[in-house]
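Hi everyone, thanks for coming. I'd like to walk you through a structure that is new to most of us, so have a look at it while I talk.

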Amino acid sequence: MKKRRDYHLYENIIYLAKESWDYDRRILIFSLISIVTGIFLPLFQIYLPKAAVDLFVQKADLQQIAKTLGLVVGGFLLLQAGNGYVTSAKYFLYNDMRNVFLQKIFLTSIDCDYSEAENGKSLEKYQRAVNVTNQGDWGATSRVYQIVPELVTSICCFFLYTGILSSLHIGVIFLLLFSSAVTYWFQKRETACYERTKDLFAKIQKKLYYSINCGAWAGKDIRVYHMQEWLKGLMAKWQGEGNKIRRERSKQEFYTHIMNCVLGFLRDSLAYVYLIARTLQGEIGAGDFVFYFGAVVGFSGWIQQMVRQLSGLRTANVGINDLREYLEIPSEELRSGEVEMPDCSDGVEIVFDHVTFFYAESPVPTIRDLSFTIKKGEHIALVGLNGAGKTTLIKLMIGFYQPMSGHIRINGVDMNRLGRRDVYALYSAVFQDILILPCMLDENVALLPKTQIDRERVNEVLKKAGLWEEMERRNITLDSYMTKHLTDDGILLSGGQRQKLLLARALYKEAPVLLLDEPTAALDPLAEKEIYEKYEEFCGGRTAVFISHRLASTQFSNRIFFLKEGTVVEDGTHEELMERGGEYAKLYEVQSHYYNEGAGVVSESQ
């Protein structure tokens, strides 16, 4: 797996600026305006008292007072209005950027190679990236959009106020820098404490929230097994551990707060004494006294803000790196292959030629030197114990994974030489995890936008799948919403009805190969047999591969492959495998004996 690259802060700022420029340039334009207004607004705030005091000292008439203060106040209000507008407008725009990045995360999750999508480490990357977008105003992207203009403003004001105060006395600047350095040291300790305890606190909170949420989904077990006191004890323990970290953080925050108060008091006192002395000596006027004192307070404020802003950007930078790490997962290559897809109009033949496959986290091959041929139009059942490699074989067949060695051929052509999109087009698949979307029934069958759906064909396949009678009985139409995830009146289907919906979906696509990966695992044996008989009925001349953990449901197949430790150890019809008396026959007898015993028990009780 590609090693993570951690970008520098300036690189991530440039990255977000480019993304903003592509999405909506107003974000950058408004940020620039907010910087300009942010620089001049504080100057107006310290200049306005000076102007008022100067007018008072000069005993100006009302007309002069109104004219001077009117210009200053008018300029201030104009800047304030402009700053307020761009700040509000920019806020909504950079909040929209969170949705843009969330869409990018979604697109990466469906465009990346399937091996990445299923990899545990990639799933962790995905969760970290999603967390960046789900933290609202505290999310990394929003923090950067907010803090960077503020930091630029603070830096500009720092130099501007340095120029103002240097005209007073250079020693004032050194004194303020010294006090700010002490404040920075305490804030750095506070930040270090937070960073040091961040991961541990997150783990404790995760445990605490898990226990709190138990009541919503484990209420039956909690009551039956009297788990209340145990869970209360765990919550008390985790709350105590969390409070211990909070106390440690609060202690550092208290030290920083006290130091800020002490330094602020000393700074203001010294500033008052120094400025009063200069005023009494006639070196500066009353208006200048007010102006310079405002500059002293503002100078310290800008330094403290820069410290906080840099700390905030460092924290946000970690989140941006998490986001970019996931977004930079390469997209799956769907372009045309080296050769065109062979003609599949008369069926599809699939050949595994000494195929071996390892999962990244496993030193043992899941598929081991596997060779077999599935002829055109043949119906194959894959059986075997859990972990035999059945599902992995299906994923290799579809092209989700690539063999470490060996070849998979489709109608004689190596699958690696074909375009991935062309390979996917060959298959209609029903997987273990049932996908029913919270959208309309016809969209669930066709898996296409509404405008691209052939509704007559949808009706036809629903009738073939045996779902039409249930639809009429329950007043379900093609425009009825499925599930209750997004709508309260959404339709819920039983296990068997969901399987019929999946059958209708497979029939709608009409792909030349049908793959079924234990889609009926949750059904009883009779319901499973009924579902598989329906699949068999509509397979026709298509190539079909079935996976089932119940051997009785595979008897209608042309051949059965019995997998063990990633390879086919037995191959034949049900009758042939039973005659051999091998592992398939033994497992079949065990399952048959179990079901027969169950039937006997039921009949005795009756």
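Let's begin with helix 2 and helix 6, which cross each other in a right-handed way. Please keep in mind throughout that this is a predicted model. Helix 2 covers residues 26-57, and helix 6 covers residues 140-166. Two packed helices are described by the angle between their axes and the distance between the axes. Here the angle is about 35°, and the axes are 9 Å apart.

Which residues of helix 2 meet helix 6? On the helix 2 side we find Ile 27, Ser 31, Ser 34, Ile 35, Gly 38, Ile 39, Pro 42, Leu 43 and Ile 46. Facing them from helix 6 are Tyr 145, Pro 149, Val 152, Thr 153, Cys 156, Cys 157, Leu 160, Tyr 161 and Ile 164. Sorted by class, this contact between helix 2 and helix 6 has 14 nonpolar residues, four polar ones and no charged ones.

Let me pick out Ser 34 from that list, in helix 2. Is Ser 34 buried or exposed? Ser 34 counts as buried, because its relative accessibility is 10%, and the cut-off for buried is under 20%. Setting aside residues up to four places away in sequence, Ser 34 touches Asn 83, Val 86, Lys 90, Pro 149 and Thr 153.

From here we can step over to helix 3, residues 62-111. Gly 82 is found in this helix, and Gly 82 is partly exposed, at a relative accessible area of 27%. To get a feeling for distances, take Gly 82 and Lys 464: they are 382 residues apart along the chain, and their C-alpha atoms are separated by 65 Å.

Now for the aromatic rings. How many aromatic pairs does a search of the whole structure find? It finds 22. A pair of aromatic rings is described by the distance of the centres and the angle of the planes. One of the pairs is Phe 30 with Tyr 85, which is edge-to-face, with 6.0 Å from centre to centre and 75° between the planes. This pair links distant parts of the chain, since Phe 30 sits in helix 2 and Tyr 85 in helix 3, 55 residues apart. Phe 30 is buried, with a relative accessible area of 10%, whereas Tyr 85 counts as exposed at 55%.

Next to that, let me show you Tyr 584 and Tyr 588. Why is this pair called stacked? The ring centres are 6.3 Å apart and the planes are at 20°, so the pair counts as stacked; the cut-off is planes under 30 degrees apart. Tyr 584 and Tyr 588 both belong to helix 19, residues 583-605, and they are four residues apart, about one turn of the helix. Tyr 584 is buried at 0% relative accessibility, and Tyr 588 is buried as well, at 15%.

Aromatic residues also come together as a group: Tyr 114, Phe 357, Tyr 359, Phe 400, Tyr 401, Tyr 424 and Phe 431 form one aromatic cluster. And some rings have a charge over them. The charged end of Arg 249 sits over the ring of Phe 201, 4.7 Å from the ring centre. Likewise, the charged end of Arg 324 sits over the ring of Tyr 7, 3.6 Å from the ring centre.

Tyr 7 turns up again around Asn 321, where the contacts beyond four places in sequence are Arg 4, Arg 5, Asp 6, Tyr 7 and Asn 12. Asn 321 is part of helix 10, residues 286-327, and is buried, with a relative accessible area of 4%.

Let's finish with a few loops. Thr 483 lies between helix 15 and helix 16, and has a positive phi of about 65° although it is not a glycine. Thr 483 is buried, at 10% relative accessibility. Glu 510, in the loop between helix 16 and strand 7, has a positive phi too, near 55°. Glu 510 counts as exposed, at 58%.

My last stop is Gly 582, in the loop between helix 18 and helix 19. Gly 582 is buried, with a relative accessible area of 18%. Beyond neighbours within four places in sequence, Gly 582 is in contact with Glu 570 and Leu 577. The C-alpha atoms of Gly 582 and Val 569 are separated by 9.5 Å, with their positions 13 residues apart along the chain.

How values were computed
Residues are numbered from 1 along each chain as its sequence is written. This is a predicted model: local features need pLDDT of at least 70, side-chain atom pairs count only at pLDDT 80 or more; totals for chains, interfaces and linings use all residues. Side-chain values use heavy atoms; hydrogens and water are left out. Helices (H or I, at least four residues) and strands (E, at least two) are DSSP runs, numbered from the N terminus. Buried means under 20% relative accessible area, exposed over 50%, partly exposed in between (1.4 Å probe, protein chains only). Contact means heavy atoms within 4.5 Å. Axes are lines fitted to C-alpha atoms, for helices over the stretch in contact, and angles run from 0 to 180 degrees between N-to-C directions. A crossing is left-handed if the near helix is turned anticlockwise from the far one by less than a right angle, and right-handed if clockwise. Ala, Val, Leu, Ile, Met, Phe, Trp, Tyr, Cys and Pro count as nonpolar, Asp, Glu, Lys and Arg as charged, and the others, Gly among them, as polar. Rings of Phe, Tyr and Trp (its six-membered ring) pair if their centres lie within 6.5 Å; planes under 30 degrees apart count as stacked, over 60 as edge-to-face and the rest as tilted. A charge sits over a ring if NZ of Lys or CZ of Arg is within 6 Å of the ring centre and within 35 degrees of the ring normal.
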